[in-house]
Amino acid sequence: MKSVLIGVGQAGGKLVSALHAFDAAENHGAVHGAHAVNTATADLQSLPSPVQTRLVGQSRVSGHGVGGDNELGAQVMREDAAEVLDAVTVTAEVDAIIVVAGLGGGTGSGGAPVLVQELKRVYDRPVYAVGVLPGRDEGSMYQVNAGRSLKTLAREADSVLLVDNDAFRQSGESLGSGFERINEAIAGRLGLLLAAGEVDAGTGVAESVVDASEIVNTLRDGQLAAVGYADAAAAPDAAENVNVVTSVTRRALLTGTSVDVDTADAALVVVAGRPSAIPRKGVERARRWVEDETGSMQVRGGDFPLSSDSLASLVLLSGVERTGRIQAFFERAREAQATTEDAEVEDDAAAGWAVDELDDL
Ligand code: GDP
């Protein structure tokens, strides 16, 4: 899926940079522009040069960031969106625009929903968001900010792909020190999803190879989405890999996504590996197993030819808004909101950010 990536805020910029680096290193050609937008000069300066950077809100915060104030983040983006849009080129071949942000901070949390809204107004392409949920042990400001941001993003974007930092965290690792590793892991699986629709004709068995429209159609069936991934060593001969495909798909679905799979409305199973090592029977069996687990009849499946000695399964789940992790997250956001209750809440309600409407999801 040929995509233009726009990171908003610190996490957004770093993730876009990691996604661009993955796409370039693997030569996938799915990333058709990588941008980072921030209110903090220092965060932009640390990004490598292929990422095009844009400072916003200079007249308000002089390049010092919005300090976790996501309303200011939204306001700044509203004022400077035209400049951001001017800097972004979306050519005719681009399938989707993807806005990436940490939901718990200020610039990305407030700015991403506004930018999505502006992009939707200008382009007739799907606009997706990738939203990073705050960890369970991050403070109440992060939970409240993320609750508001996710609710608005879900309304504005064609789909929100959720990234759960907690699911990538290794035991004993602090969130901060793990970010680089976490970003690479996230970039690997999201990068593979984008690349899956970008196979040259002739590289694999054409009719079974996933194309961009299958990603778009899967995402269309829900507001919130998640991606699971697993891989394993494979035999050179496809006939010996039927169980490998079913077991990696099982792992991809049941670990790492943090969502209850039976809440999904639609799914896409992508099996990646050497074409001669991918068993048709295994892919179909894995697809049907995902159908059983999700209870959805909208489960698509296909291959992604790669020159790798292992086989990987990538499962995109769409329509996961009723999942326990998301409900618990909204519950925490609501509790945090209740304990920090003050006049601000009324302003929020007036601005359409009312947290009691989170139940809508
Ligand atoms: P902003 O710059 O004001 O938009 O704020 P941040 O991007 O720092 O957003 C804060 C949220 O994003 C917190 O919940 C952090 O846990 C998360 N976060 C910050 N940096 C990273 C990162 O590099 N990777 C990931 N995965 N999450 C991050």
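This short report looks at how the protein surrounds its ligand, and then at its salt bridges. Keep in mind that the model is predicted.

**Around the ligand**

Let's start with the space that holds the ligand. That space is the largest pocket. Three elements each give two or more residues to the shell around the ligand: α1 (9-25), α5 (107-122) and α8 (175-196). Of these, α8 gives the most, with five residues.

So who comes nearest? There are 19 residues around the ligand, and the nearest ones are Gln-10, Ala-11, Gly-108, Glu-138 and Asn-183. If you sort the shell by class, you get eight nonpolar, nine polar and two charged residues.

Now zoom in on the backbone. Each row below pairs a polar backbone atom of one residue with an oxygen atom of the ligand.

| Residue | Backbone atom to ligand oxygen |
|---|---|
| Ala-11 | 2.7 Å |
| Thr-107 | 2.9 Å |
| Gly-108 | 2.8 Å |

Two of these names should ring a bell: Ala-11 and Gly-108 are also among the residues that come nearest to the ligand. And how much of the ligand does the protein cover? On its own, the ligand has 570 Å² of accessible area, and the protein covers 91% of that.

**Salt bridges**

Next, charged pairs. Side chains of opposite charge can pair when their charged atoms come close. How many salt bridges turn up in the whole structure? The search finds 18.

One of them is worth finding on your screen: Glu-198 with Lys-2, where the closest N and O atoms are 2.9 Å apart. This pair links distant parts of the chain, since the two residues are 196 residues apart. Glu-198 sits in the loop between α8 and α9 (212-220), while Lys-2 belongs to the segment before β1 (3-8).

Notes: Residues numbered from 1 in each chain as written. Predicted model: local features only at pLDDT ≥ 70, side-chain atom pairs only at ≥ 80, totals over all residues. Heavy atoms only, no water. Near = heavy atom within 4 Å. Polar contact = N/O pair within 3.5 Å; in protein donor to acceptor, adjacent residues only side chain to side chain. Areas by Shrake-Rupley, 256 points an atom, 1.4 Å probe, with all protein chains shown as cover. 1 Å grid on protein atoms, 1.4 Å probe; cavity = no way out; pocket = protein on both sides within 12 Å on 5 of 7 lines; lining within 4 Å. Sits in = over half its atoms within 2 Å of the grid points. Helix = DSSP H or I, 4+ residues; strand = E, 2+ residues; numbered from the N terminus. Nonpolar A, V, L, I, M, F, W, Y, C, P; charged D, E, K, R; others polar. Salt bridge = Lys/Arg side-chain N within 4 Å of Asp/Glu carboxyl O.
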